Amino acid sequence: MSAKRDVKLIVALFAIAIVWGTTYLGIRVAVHTIPAWFVAGLRQVVASIILLSILLYQKQFKWIGWKSLGRQILVASLMIIVANGMTTVAEESIPSGLTSLLTALSPIVVFLGSLIFGLQKPSLKGFIGVVIGFSGVAFIFRDGIGDILDPNYKTGITYLAMAILGWAAGTIYTKKYTHKSNHIFLDLFYQFAFAAVAQLIIANIVSPNTSFSDWSLQSLGAVVYLGVFGSVVGFFCYNYALKKVSATEVSILSYFNTIIAIFLGWLVLNETVTYDLLIATVLIILGVFITNYKKKEIK
């Protein structure tokens, strides 16, 4: 791999960690006045319009064929409608800390799935890295782990479980078939467009009597942010990274999302950074390092 490509990959990986680390806050702000499925659907509408504009400007918009469309619909169903949609709905009813903790299970599910489908060889190093990284997230929220047993959170946790499985399945499928297309923007446009239509249909079924006048400008601004950064930037970088490294190596960056979210709380909301957070940060970075470390071959 060339140095130039290494830089692009590093930028993509950092963008994933930083951008998706801010989306939990964005979703919380958006669902404050806008029903969750409308947030999810409108987010993809924004993303679709942006990508369509880019593709038309570059004269690269084209029909991708029914077979490729079928793949994009499957990925969109798993990663956007199920994973993204269910996470958005879950954040209406469960604490953001618990959401972050449970979502951090994704790399473990992706690691196990990659082993099952032959995308990754069994590795004690990989398993230890994933577990250590998750232990860092669990350490931060250890006081709230008991919330998992709270019956009031049962529905939200069920939604998150579905979201995690959908995300893991979509990640593994994308990695397995990533060689079949080199045009990420075009693929993502079809994914976002399909997801937008499906999620808005669900939104009108679930929340038929929603009052648009109750939607605040702050929530609408959060939807736009989620569409531009959470969808367009985040998904582009995620798909790009999946072409370069293993699904586990990309997904384990979700551990950094928690650190980013807490850092923003310190920077924007003046929240206290404790020793617990510093210990958890060390565990997360150690887990990522162990999973990605490769010895240089001596020639």
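Colleague: Is Tyr190 buried or exposed?
Modeller: This is a predicted model, and Tyr190 sits in helix H8, residues 184–206. Its relative accessible area is 12%. Buried means under 20%. Tyr190 is therefore buried.

Colleague: Which residues is Tyr190 in contact with, leaving aside its neighbours within four places in sequence?
Modeller: Set those neighbours aside, and a list of contacts remains for Tyr190. The names are Phe61, Lys62, Trp63, Ile64, Leu69 and Gln72.

Colleague: Which residue's backbone oxygen does the side chain of Tyr190 reach?
Modeller: Lys62 is among the contacts of Tyr190. The side chain of Tyr190 comes to 2.8 Å from a backbone oxygen. That oxygen belongs to Lys62.

Colleague: How far apart in space are Tyr190 and Leu52?
Modeller: In sequence, 138 residues separate Tyr190 and Leu52. In space, take the C-alpha to C-alpha distance. For this pair it is 9.4 Å.

Colleague: How are H3 and H7 directed relative to each other?
Modeller: H3 spans residues 66–90 and H7 spans residues 154–176. Their axes come within 8 Å and cross at roughly 155°. Angles over 145 degrees count as roughly antiparallel. H3 and H7 are therefore roughly antiparallel.

Colleague: What is the handedness of the crossing of H3 and H7?
Modeller: The two axes cross at roughly 155°. The crossing of H3 and H7 is left-handed.

Colleague: How many residues of the contact of H3 with H7 are nonpolar?
Modeller: H3 brings residues including Leu74, Leu78 and Val82. H7 brings others, among them Leu160, Ala163 and Trp167. In this contact, one residue is charged, six are polar and the nonpolar ones number 16.

Methods
Residues are numbered from 1 along each chain as its sequence is written. This is a predicted model: local features need pLDDT of at least 70, side-chain atom pairs count only at pLDDT 80 or more; totals for chains, interfaces and linings use all residues. Side-chain values use heavy atoms; hydrogens and water are left out. Axes are lines fitted to C-alpha atoms, for helices over the stretch in contact, and angles run from 0 to 180 degrees between N-to-C directions. Helices (H or I, at least four residues) and strands (E, at least two) are DSSP runs, numbered from the N terminus. Angles under 35 degrees count as roughly parallel, over 145 as roughly antiparallel, 65 to 115 as roughly perpendicular and the rest as oblique. A crossing is left-handed if the near helix is turned anticlockwise from the far one by less than a right angle, and right-handed if clockwise. Contact means heavy atoms within 4.5 Å. Ala, Val, Leu, Ile, Met, Phe, Trp, Tyr, Cys and Pro count as nonpolar, Asp, Glu, Lys and Arg as charged, and the others, Gly among them, as polar. Buried means under 20% relative accessible area, exposed over 50%, partly exposed in between (1.4 Å probe, protein chains only). A polar contact is a pair of N or O atoms within 3.5 Å; within protein, one must be able to donate a hydrogen and the other to accept it, and residues adjacent in sequence count only if both atoms are side-chain atoms.
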